[in-house]
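User: Hi! I am new to protein structures and would like to learn how to read one. Could you walk me through it?

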Amino acid sequence: MGLGVGLPAVKGSSRARACTAVAIAAALTLAGACTTGGGDGGGGRDSPTVGLLLPGGGASRFGQFDRPLIEKKLRELCPSCPTAVAATPDPAVQRQQLESMITRGVDVLIIAAVDPQLLRPSVEAAHRAGIPVVAYDRLAQGPVSGYVTFDGAKVGKLQGAALLKAMGAKAHGGQIVMMNGATTDPNAAWFKQGALSVLAGKVKVGKSYDTVGWRPENAFADMRAAVAALGADRIDGVLAANDSLAGAVISALNATQVRPLPPVTGQDADLAAVRRILGGDQYMTVYKPYKSAADAAVRMAVALGRGESAGSVATGTVDNATVKDIPAVLLPSVPVTVGDIKDTLVKDGMYTTAQICPPNLRSACARAGLTP
């Protein structure tokens with residue numbers, strides 16, 4: 001069911017206002033940008049101003065994939081919708097970005113929260129201002145009007161099942177290390193719960209870490225500590241929650257001369273991780289078709305910005321700490337090991353074989369059926 005979020009009758013938006021919002025964000029040393037649609041006038045009920053807040057730009061997953069896909073879908077669905085975009089990995093900065101967009105009067109927000117709890121007062125302020133919020137990828141706290149993400153429990157289950165398969169005979173009674181995400185990200189607990197539902201009773205969790213800030217340097221230090229505590233020859237697998245953590249884990253294993261490398265999981269299908277999989281250092285990743293998420297988020301945001309219900313887009317509901325029955329779209333994910341790269345990532349156009357296969361991996365690519 002809907003949440004009954006009060007929307008303004010018709011809020012006067014403008015391209016200039018959207019650009020001003022991001023200009024202010026830039027003045028506060030925020031990473032922002034502004035794009036505008038091609039219609040006449042802009043703003044208003046038919047062409048709401050859309051604010052997009054992401055937890056990273058540039059080389060991050062959100063900068064490489066989510067942002068361009070969201071912007072492309074906005075141009076297709078609402079070419080005259082003005083757009084304000086800002087990105088930062090800093091939770092305090094993101095809160096400033098959000099408050100700037102509220103002040104300048106965007107009509108609807110798509111937010112992938114760096115720290116959902118810290119952002120809650122600003123989400124509440126958006127609600128008071130009559131600005132609906134679509135939580136993207138991570139479930140923000142407060143009165144959000146819609147949510148689009150990948151099913152986190154399923155992601156964890158895919159990782160756990162793949163790790164057990166890679167461990168072979170050691171999948172019964174072996175010892176693993178869990179390198180989980182940040183406690184400030186509700187998705188991290190979701191991934192962990194899903195993984196443990198598969199691993200429990202089969203393997204021993206020798207060490208489990210909640211990686212502060214999802215930062216690879218913290219995962220590197222934690223993995224070194226795990227090797228020191230458990231022994232280099234007593235780690236049979238590593239459940240790493242995403243590819244950045246997986247890369248740090250593998251670096252730590254190499255630094256402590258753990259041989260052979262135990263199987264390591266990941267998530268997000270980062271290009272570096274795909275290459276590690278080809279090279280045999282990482283066992284698997286979880287591919288999340290970002291286009292599906294971007295499309296759903298844009299359709300939900302445009303509907304809300306036009307005063308319509310998010311329920312027309314939602315396929316189910318979720319709850320956060322303050323709101324029940326939030327209209328939600330929970331999307332499926334795909335496990336990827338070396339034999340799956342061609343029929344998933346390449347087939348879907350996420351990467352070309354030329355991108356995946358630098359000269360030092362040509363022979364590995366050939367074995368995997370990947371030829372530029």
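User: In what order do the 3 strands form an open sheet?

Analyst: First, a word on the source: this is a predicted model, where local features need pLDDT of at least 70, side-chain atom pairs count only at pLDDT 80 or more, and totals for chains, interfaces and linings use all residues. Residues are numbered from 1 along each chain as its sequence is written, and side-chain values use heavy atoms, with hydrogens and water left out. Strands (E, at least two residues) and helices (H or I, at least four) are DSSP runs numbered from the N terminus, and two strands pair if DSSP finds at least two bridges between them. Here the order is S8-S7-S9, with parallel pairing. Strand S8 (204-210) and strand S9 (237-240) are the edge strands, each pairing on one side only.

User: How many bridges join S7 to S9?

Analyst: Strand S7 (residues 175-180) is joined to S9 by 4 bridges. In this pair, Met179 stands opposite Ala240 of S9.

User: Which residues point one way from S9, and are they buried or exposed?

Analyst: Buried means under 20% relative accessible area, exposed over 50%, and partly exposed in between (1.4 Å probe, protein chains only). From S9, Gly237 and Leu239 point one way, while Val238 and Ala240 point the other way; all are buried.

User: Which helix lies across S7, S8 and S9?

Analyst: Angles run from 0 to 180 degrees between N-to-C directions, using axes that are lines fitted to C-alpha atoms (for helices, over the stretch in contact), and contact means heavy atoms within 4.5 Å. Helix H6 (residues 186-199) lies across these strands and runs at about 165° to S7.

User: Now for empty space. What volume does the largest pocket have?

Analyst: Rolling a probe the size of a water molecule over the atoms shows where empty space is left. On a 1 Å grid over the protein atoms alone, a pocket is an open set of points with protein on both sides within 12 Å along at least five of seven lines; a cavity is a set where a 1.4 Å probe fits but cannot get out; lining residues have an atom within 4 Å of a point. Points are joined across faces, edges and corners, and a volume is the space filled by probe spheres set on them. The largest pocket has about 860 Å³. Of its 33 lining residues, the closest to the centre are Pro55, Arg138, Gly213, Trp214 and Asn242.

User: Which element gives the most to that lining?

Analyst: H2 does, with 3 residues. Helix H2 (61-77), H6 and helix H7 (216-230) are the elements giving two or more residues to this lining.

User: How many cavities of 30 Å³ or more does the structure hold?

Analyst: There are 2. The second largest cavity holds about 40 Å³ of space, and its lining includes Met178, Phe191 and Leu239. H6 supplies the largest share of this lining, 4 residues. Leu239 also belongs to S9, where Leu239 is buried.
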